[in-house]
Amino acid sequence: MQRRHHPISLEQAVEEAPVLSQLMQKTRLSQQCAQSIADLVPAPLQTRLAYGQIEQGEWCILVQGNAVAAKVRQLLPLWLNRLQQQGLAVQKIRLRVQGAPASHYF
């Protein structure tokens, strides 16, 4: 990588750095998958999901709490079918359950 003495855009810097470029591609693919299933995600669940990276055909979705995970498990076949119909490189969806948000007491 050569030193430059003029400014470049963030996108150009990311594309020129191999590790950052790869990370950006994974992020774009995850966003594309999230958009693909957006209409299949029930409204109450939308704020309780976070979409992670896709590694070797496995997409990780972070869910808030066991109750949300139970409902999402019912939807996984539908989501996976949609992703595969659209030609996205996902063969499996893995859930990672995070603790429920802490309640605040006053």
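In which helix is Arg-73 found? Arg-73 is found in helix H4. The legends below describe close-up views of a predicted model.

**View 1. The protein chain folds into helices and strands.** The secondary structure comes to four helices and three strands. From the N terminus on, the elements run α-α-α-β-β-α-β. The protein chain has 106 residues, and 30% of them count as buried. Take the contacts between residues at least 6 apart in sequence: 55% of these join residues at least 24 apart.

**View 2. Three strands form an open sheet.** The strand order is S1-S2-S3, and the pairing is mixed. Strand S1 (49–55) and strand S3 (92–98) stand at the edges. Each of these two has a single partner strand, so one side of each is left without a neighbour in the sheet. Neighbouring strands are turned by 25° against each other on average, direction ignored. Strands of a sheet pair through backbone hydrogen bonds, either parallel or antiparallel.

**View 3. S1 and S2 run antiparallel.** Strand S2 covers residues 58–64. Five bridges join S1 to S2. Within this pair, Ile-54 stands opposite Trp-59 in S2. Helix H2 packs on the sheet and touches S1 and S2. The direction of H2 makes about 130° with that of S1.

**View 4. Gln-56 sits in the loop between S1 and S2.** Gln-56 is not a glycine, yet its phi is positive, at about 50°. Is Gln-56 buried or exposed? Gln-56 has a relative accessible area of 82%, so it is exposed.

**View 5. Ser-30 meets Trp-59 through a polar contact.** Ser-30 is found in helix H2, which spans residues 18–37. The side chains of Ser-30 and Trp-59 are joined at 3.1 Å. Why does Ser-30 count as buried? Its relative accessibility is 5%, and buried means under 20%. Leave aside the neighbours within four places in sequence. Ser-30 is then in contact with Tyr-51, Gly-52, Ile-54 and Trp-59. Two of these residues have appeared already: Ile-54 and Trp-59 stand opposite each other in the S1 and S2 pairing.

**View 6. Ser-36 is another residue of helix H2.** Ser-36 has a relative accessible area of 6%, so it is buried. Which residues does Ser-36 touch, not counting those up to four places away in sequence? They are Arg-82, Leu-83, Gln-86 and Leu-88. Arg-82 and Leu-83 fall within helix H4 (residues 66–85).

**View 7. S2 and S3 run parallel, with H4 on the path between them.** Seven bridges join S2 to S3. One bridge pairs Gln-64 with Gln-98 in S3. The chain crosses from S2 through H4 to S3. This β-α-β crossover is right-handed. Helix H4 lies across S1, S2 and S3. H4 runs at about 160° to S3.

**View 8. The largest nonpolar core has 23 residues.** Which of its residues touch the most other members? They are Trp-59, Val-72, Trp-79 and Ile-93. The elements that give two or more residues to this core are H2, S1, S2, H4 and S3. H4 gives the most, with eight residues. Trp-59 also has the polar contact with Ser-30.

**View 9. Arg-73 of helix H4 touches Leu-95 and Val-97.** Residues up to four places away in sequence are not counted here. Arg-73 has a relative accessibility of 49%, so it counts as partly exposed. How far apart are the C-alpha atoms of Arg-73 and Arg-94? They are separated by 9.5 Å. Along the chain, these two residues are 21 residues apart.

**View 10. Pro-44 is found in helix H3.** Helix H3 covers residues 43–46. Pro-44 has a relative accessible area of 61%, so it is exposed. The C-alpha atoms of Pro-44 and Val-68 are separated by 9.5 Å. Along the chain, Pro-44 and Val-68 are 24 residues apart.

Conventions
Residues numbered from 1 in each chain as written. Predicted model: local features only at pLDDT ≥ 70, side-chain atom pairs only at ≥ 80, totals over all residues. Heavy atoms only, no water. Buried < 20%, exposed > 50% of the residue type's maximum accessible area, 1.4 Å probe, protein only. Polar contact = N/O pair within 3.5 Å; in protein donor to acceptor, adjacent residues only side chain to side chain. Contact = heavy atoms within 4.5 Å. Pairing = 2+ DSSP bridges. Axes fitted to C-alpha atoms, helices over the stretch in contact; angles between N-to-C directions. Core = buried A, V, L, I, M, F, W, Y, C linked by side-chain atoms within 4.5 Å. Right-handed = clockwise from strand over helix to strand, strands pointing away.
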